[in-house]
Amino acid sequence: SRMRTIVDDEVFSYLQESSAEMIPQQEERLRRKTANRMEEKIKELVKSEERASIVKFSDSYRSSIGHNYVAPSDLNNFINESFRDAAWGLSGLMCVTTVSLMIWTIRHRNNRVMKAFQPFLLLQSCVGL
């Protein structure tokens, strides 16, 4: 709620200072000045809140305001691209094999041996039911 107050105050002051007669360069300077003031106030608020509480702000919030620190232990949570590609390839192979076995079962369902294996049950196994 204090952050919302900061944003409201800065937007209000920007709207009071701006006018329709401003040239684009003045308006851009005013916008940058307001944004910089707002950013500084929010950073001060974050620092004071972190000092006051045991719980730290989330990393996603910190990165949204320019604090892009990533702990080295967090870098170990990513799957290597070659492993991810291999997993997609194996998943595709599994899907192709399943569809092939379903087609083979449907084609040979009237065979005497296949009737003993119950083709409907085999198709259910292929689908995963």
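A residue counts as partly exposed when its relative accessible area lies between the 20% under which it would be buried and the 50% over which it would be exposed. Lys41 has a relative accessible area of 38%, so it is partly exposed. Keep that residue in mind as we walk through this predicted model, for we will come back to its partners.

Let us start with the overall picture. The protein has six helices and zero strands, and reading along the sequence gives the pattern α-α-α-α-α-α. Of its 129 residues, 13% are buried. The surface it exposes comes to about 10900 Å², with carbon and sulfur atoms supplying 60% of that area. As for how the chain meets itself, take the contacts between residues at least 6 apart in sequence: 43% of these join residues at least 24 apart.

Now to helix 1, which runs over residues 2–17. Its 16 residues, at 1.5 Å a residue, should span 22 Å, and the end C-alpha atoms are 23 Å apart, which agrees. Which residues of helix 1 are buried? They are Ile6, Glu10, Ser13 and Tyr14. Viewed down the helix axis, these buried residues fall within an arc of 105°, so they line one face of helix 1. The spacing makes sense in general terms: an α-helix has 3.6 residues a turn, so residues three or four places apart point the same way. On the other side of helix 1, the exposed residues are Arg4, Phe12, Leu15 and Gln16.

Val11 is also part of helix 1. With 37% relative accessibility, Val11 counts as partly exposed. Its C-alpha atom is separated by 9.6 Å from that of Arg31, a residue 20 places away along the chain.

Glu10 deserves a second look. At 3% relative accessibility, Glu10 counts as buried, yet its side chain meets that of Lys41 in a salt bridge, with 2.7 Å from N to O. This pair links distant parts of the chain, since Glu10 sits in helix 1 and Lys41 in helix 2 (residues 24–52), 31 residues apart. Side chains of opposite charge can pair when their charged atoms come close. Glu10 and Lys41 also belong to a network of salt bridges that includes Arg37.

How many salt bridges does the structure hold? There are six, and two more of them can be followed within helix 2. In one, Arg31 pairs with Glu27, the closest N and O atoms being 3.9 Å apart; the cut-off for a salt bridge is 4 Å. Both residues lie in helix 2, four residues apart, about one turn of the helix. Arg31 is partly exposed at 43% relative accessibility, and Glu27 is partly exposed at 30%. In the other, the side chains of Lys43 and Glu39 meet at 3.3 Å, N to O. Lys43 and Glu39 are likewise four residues apart in helix 2, about one turn. Lys43 has a relative accessible area of 23% and is partly exposed, as is Glu39 with 35%.

One last stop takes us further along the chain, to Gln118 in the loop between helix 5 (112–116) and helix 6 (119–127). What is notable about the backbone here is phi: for Gln118 it is near 60°, a positive value in a residue other than glycine. With 46% relative accessibility, Gln118 counts as partly exposed.

Note on methods. Residues numbered from 1 in each chain as written. Predicted model: local features only at pLDDT ≥ 70, side-chain atom pairs only at ≥ 80, totals over all residues. Heavy atoms only, no water. Helix = DSSP H or I, 4+ residues; strand = E, 2+ residues; numbered from the N terminus. Buried < 20%, exposed > 50% of the residue type's maximum accessible area, 1.4 Å probe, protein only. Contact = heavy atoms within 4.5 Å. Areas by Shrake-Rupley, 256 points an atom, 1.4 Å probe, with all protein chains shown as cover. Expected span 1.5 Å × (residues − 1). Arc of directions from axis to C-beta.
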